[in-house]
Amino acid sequence: MEELNKIDWVKMDNLIPVITQDATTNEVLMLAYMNKEALELTISTNYAHYFSRSRQRIWKKGESSNHLQEIVEILLDCDNDTILLKVNQEGVACHTGRKSCFFTNLTTNKTISEIQIDTSAAYGVIDTLYHTIQEKKNDDPTKSYTAKLLQGKENSMLKKIVEESGEFTFAIKDNNEEEIIYEAADVTYHMLVALASKNINPDRVKQELARRFGISGIEEKNSRKDS
């Protein structure tokens, strides 16, 4: 596609910022990024595709929630390094269920828009919990256990994972089904906190698990030893 050559990809290290705007109201919905392949898919399908830095993959907006963004117009800025998408937004743009991702006043910390759609079912509990953990990074650690873990010493967070994993193994040993489920939830939560501290989206863990399908455990381990 010739239009892709208009963009200064080298200056932007092959990843350009994209501002997405409602074509009818001109409300700014979100900011994301595109590489060449994502932009090419956006142009060819007429639906917004982005490159997720946290997931390290291309994603079609609405692939989980079905809140798609139909392209109305694609505009390039004067420096050839930023794109403005004008879209028809189906549903909402933000994973929180709000129309726009921009809903918090920086100086007052007040929320200026309400949740329109419950998106938890669409995104799944793991993704929803991960995003909730990310949102608590700057909360008061005296009022939020999650913030306390994220803002405290890394060793303290890691000790909690070891502690919860130990309790999970004891629950398995005791054959206590209720405790197994409870402790597994604790392990999962603390692992998600650790992933959030490194800005590693759990989607990347899912990608790794998907990669291993059809590969024996012995073969997979040997491949890591050889690399």
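The following paragraphs describe a nonpolar core, a lysine in a helix and a charged surface patch in a predicted model. Residues are numbered from 1 along each chain as its sequence is written, and side-chain values use heavy atoms, with hydrogens and water left out. Local features need pLDDT of at least 70 and side-chain atom pairs count only at pLDDT 80 or more, whereas totals for chains, interfaces and linings use all residues.

The largest nonpolar core (buried Ala, Val, Leu, Ile, Met, Phe, Trp, Tyr and Cys residues joined through side-chain atoms within 4.5 Å; buried means under 20% relative accessible area, with a 1.4 Å probe and protein chains only) has 19 residues, of which M30, M34, L39, Y50, I83 and L85 touch the most other members. At least two residues each are supplied by β1 (16–22), β2 (28–34), α1 (36–45) and β6 (83–89), helices being DSSP runs of H or I with at least four residues and strands runs of E with at least two. Strand β2 gives the largest share, 4 residues.

Helix α1 also holds K36, which counts as partly exposed (20% to 50%) because its relative accessibility is 42%. The C-alpha atoms of K36 and I161 are separated by 39 Å, the two residues being 125 apart along the chain.

E167, D174, E177, E178 and E179 form a negative surface patch, in which residues with over 30% relative accessible area and no salt bridge are joined within 9 Å when their charges are alike; a salt bridge places a side-chain nitrogen of Lys or Arg within 4 Å of a carboxyl oxygen of Asp or Glu. Helices α5 (154–174) and α6 (177–197) each give two or more residues to the patch, and α6 provides the largest share, 3 residues. E178 is placed in α6 and counts as exposed (over 50%) because its relative accessibility is 65%.

Note on methods. Patch = residues over 30% accessible without salt bridge, like charges linked within 9 Å, V, L, I, M, F, W, Y side chains within 5 Å. Areas by Shrake-Rupley, 256 points an atom, 1.4 Å probe, with all protein chains shown as cover. Lys, Arg positive; Asp, Glu negative; His and termini not counted. Charge placed at Lys NZ, Arg CZ, Asp CG, Glu CD.
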